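Let's take a look at this protein together, one region at a time. Have the sequence and the model open side by side as you read.

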Amino acid sequence: MGKTKQIFELVDEPGYVLVQSKDQITAGNAVRKDQMEGKAAIANKTTSCVFKLLQDAGFKTAFVRQHSETAFVASRCEMIPIEWVCRRIATGSFLKRNPGVKEGYRFTPLKMEMFFKDDANNDPQWSEEQLLAAGFELAGLTIGRCEVDIMSKSTVAIFEVLEKAWATQDCTLVDMKIEFGVNVTTKEIVLADVIDNDSWRLWPAGDRSQQKDKQVYRDLKEVTPEAMQMVKRNFEWVAERVKLLLESQAKGRVVVLMGSTSDVAHCEKIRKACGSYGIPCHLRVTSAHKGPDETLRIKAEYEGDGIPTIFVAVAGRSNGLGPVMSGNTAYPVINCPPITPDWGAQDIWSSLRMPSGLGCSTVLSPEAAAQFAAQILGLNDHLVWLKLRASMLNTWISLKQADKKLQECSL
């Protein structure tokens with residue numbers, strides 16, 4: 001039983017639990033606590049949206065599904081008793097612990113801190129060395145160097161993703177705290193617990209005086225019904241806004257132009273990789289050598305509806321398609337020629353050596369061409385950027401775990 005939630009084992013779903021929110025709001029390790037009618041539903045709505053956003057991006061979390069207005073189902077985890085705190089802007093307790101630092105100081109890179117969950121001692125700050133020395137063993141997993149590094153890197157990635165998402169609502173994510181657990185079934189470290197309006201500081205338009213988070217409650221001189229209504233309105237504002245984070249701001253697309261249907265298999269790889277970033281991908285057949293007027297007509301078709309578009313030119317032998325497109329559109333063009341073993345070394349030059357005034361890039365791997373297109377579209381579509389950021393993290397984690405496994409085999 002926590003201060004703001006209860007956990008119930010699900011008898012009919014082994015390995016899963018029900019996380020039930022409570023209508024209680026607390027501050028200073030529950031030195032101050034009040035009932036706030038409707039808080040459970042608001043907190044549950046916020047957490048469910050945030051976890052859905054992170055899961056869709058590709059982060060590993062304990063969240064499974066929203067169960068009711070005030071509860072969600074999660075994988076059962078043994079919790080690591082550490083709060084990971086990530087800060088973009090210096091404020092609050094950081095200033096008290098670091099006198100001389102001015103409020104509003106911007107951390108680039110992000111500032112990471114950790115606190116040991118110990119109510120009796122007011123959650124003391126810990127170092128990585130203390131965490132390693134503690135040698136926690138949870139669900140059969142010892143928390144060592146590899147696990148600490150994974151949590152540390154994941155905290156930064158999760159913060160960056162939520163920061164990017166909140167920026168679409170002109171809201172600054174100032175700092176946040178998260179917790180990890182070990183999934184008892186998979187033995188994996190996953191983001192667990194909750195992320196709701198108690199977990200972060202949010203400043204609309206970067207303005208502290210407009211803060212919408214729990215700090216408003218912490219700052220109350222006295223708790224009156226009117227003050228609690230104001231706090232509740234802030235929490236509701238966040239719960240409404242958080243739903244908008246799941247919506248794309250500027251849906252883009254990739255249009256793959258192939259010189260011949262013999263290149264379909266190569267193009268399908270591009271389409272499949274685009275799909276993994278949630279990017280619609282259209283395949284078209286046109287030859288800039290044999291039908292330049294038709295190539296330019298197809299180009300105009302995609303330029304005329306205002307949807308951000310990236311063209312990928314797939315042409316073997318002599319690539320006229322990419323250069324002709326690049327010379328006739330202001331949209332990005334990526335060459336992705338299918339290289340054959342016989343003449344590939346010669347053919348590639350028609351993609352690399354461009355006349356002046358053309359700016360198309362050349363990427364040989366179909367998956368990498370799709371990733372490059374995603375990186376361009378991700379500049380304006382946070383949902384694409386989130387997937388790229390999670391993918392980077394997951395690649396790093398798999399390398400870290402492979403290294404750990406190899407070390408264990410070598411010992």
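What follows is a short walk from the overall picture down to a few individual residues.

## The big picture

First, a reminder that this is a predicted model. The protein has 411 residues, and buried residues make up 47% of them. Its secondary structure comes to 13 helices and 20 strands, and the C-alpha atoms fill a box of roughly 75 × 60 × 55 Å along the principal axes.

How much of the contact map comes from residues 24 or more positions apart? Counting contacts with a separation of 6 or more, residues that are 24 or more positions apart account for 65%.

## Where H1 meets H4

Two packed helices are described by the angle between their axes and the distance between the axes. Let's start with helix H1, residues 39-57, and helix H4, residues 145-167. Their axes come within 11 Å and cross at roughly 110°. Angles of 65 to 115 degrees count as roughly perpendicular, so that is what H1 is to H4. The crossing of these two helices is right-handed.

Which residues of H1 and H4 make the contact? On the H1 side you'll find Val50, Leu53 and Leu54, and H4 brings Ile158, Val161, Leu162 and Ala165. Sorted by class, the contact of H1 with H4 has seven nonpolar residues, with no polar and no charged ones.

## Where H8 meets H9

Now scroll along to helix H8 (residues 292-303), which packs with H9 at an angle of about 50°, the axes being 11 Å apart. An angle like that is neither under 35 degrees nor in the range of 65 to 115, so H8 and H9 are oblique to each other. H8 passes H9 in a right-handed crossing.

H8 makes this contact with Thr295, Leu296, Lys299 and Glu303, while H9 uses Leu321, Val324, Met325 and Asn328. How do the residues of the contact of H8 with H9 divide by class? The split is four nonpolar, two polar and two charged.

## Ser326, a buried residue in H9

Stay in H9 for a moment: this helix covers residues 321-328, and Ser326 sits in it. Is Ser326 buried or exposed? Its relative accessible area is 12%, and the cut-off for buried is under 20%, so Ser326 counts as buried.

The side chain of Ser326 reaches the backbone nitrogen of Gly359 at 3.2 Å. If you set aside neighbours within four places in sequence, Ser326 is in contact with Val333, Leu358, Gly359 and Cys360.

## Strand E9 and its cis peptide

Strand E9 has a couple of residues to click on. Pro109 is in this strand, and the peptide bond leading from Thr108 to Pro109 is cis, with omega near 5°.

Arg106 is also found in E9. With 47% relative accessibility, Arg106 counts as partly exposed. Leaving out residues up to four places away in sequence, Arg106 touches Arg88, Ile89 and Glu163. For a sense of scale, Arg106 and Met354 are 248 residues apart in sequence, and their C-alpha atoms are 43 Å apart in space.

## The loop after E9

Strand E9 (106-116) is followed by a loop to strand E10 (125-126), and Pro124 lies in that loop. Pro124 is partly exposed, with a relative accessible area of 28%. Apart from neighbours within four places in sequence, Pro124 is in contact with Met114, Phe115, Phe116 and Asp118. By contrast, the C-alpha atoms of Pro124 and Trp203 are separated by 26 Å, with their positions 79 residues apart along the chain.

Asn122 is placed in the loop between E9 and E10 too. Its phi is near 55°, a positive value in a residue other than glycine. Asn122 has a relative accessible area of 56%; the cut-off for exposed is over 50%, so Asn122 is exposed.

## Another positive phi

Where is Lys187? Look in the loop between strand E13 (171-183) and strand E14 (189-192). Lys187 has a positive phi of about 60° although it is not a glycine. At 42% relative accessibility, Lys187 counts as partly exposed.

Technical notes
Residues numbered from 1 in each chain as written. Predicted model: local features only at pLDDT ≥ 70, side-chain atom pairs only at ≥ 80, totals over all residues. Heavy atoms only, no water. Helix = DSSP H or I, 4+ residues; strand = E, 2+ residues; numbered from the N terminus. Buried < 20%, exposed > 50% of the residue type's maximum accessible area, 1.4 Å probe, protein only. Polar contact = N/O pair within 3.5 Å; in protein donor to acceptor, adjacent residues only side chain to side chain. Contact = heavy atoms within 4.5 Å. Axes fitted to C-alpha atoms, helices over the stretch in contact; angles between N-to-C directions. Parallel < 35°, antiparallel > 145°, perpendicular 65-115°, else oblique. Left-handed = near helix turned anticlockwise from the far one by under 90°. Nonpolar A, V, L, I, M, F, W, Y, C, P; charged D, E, K, R; others polar.
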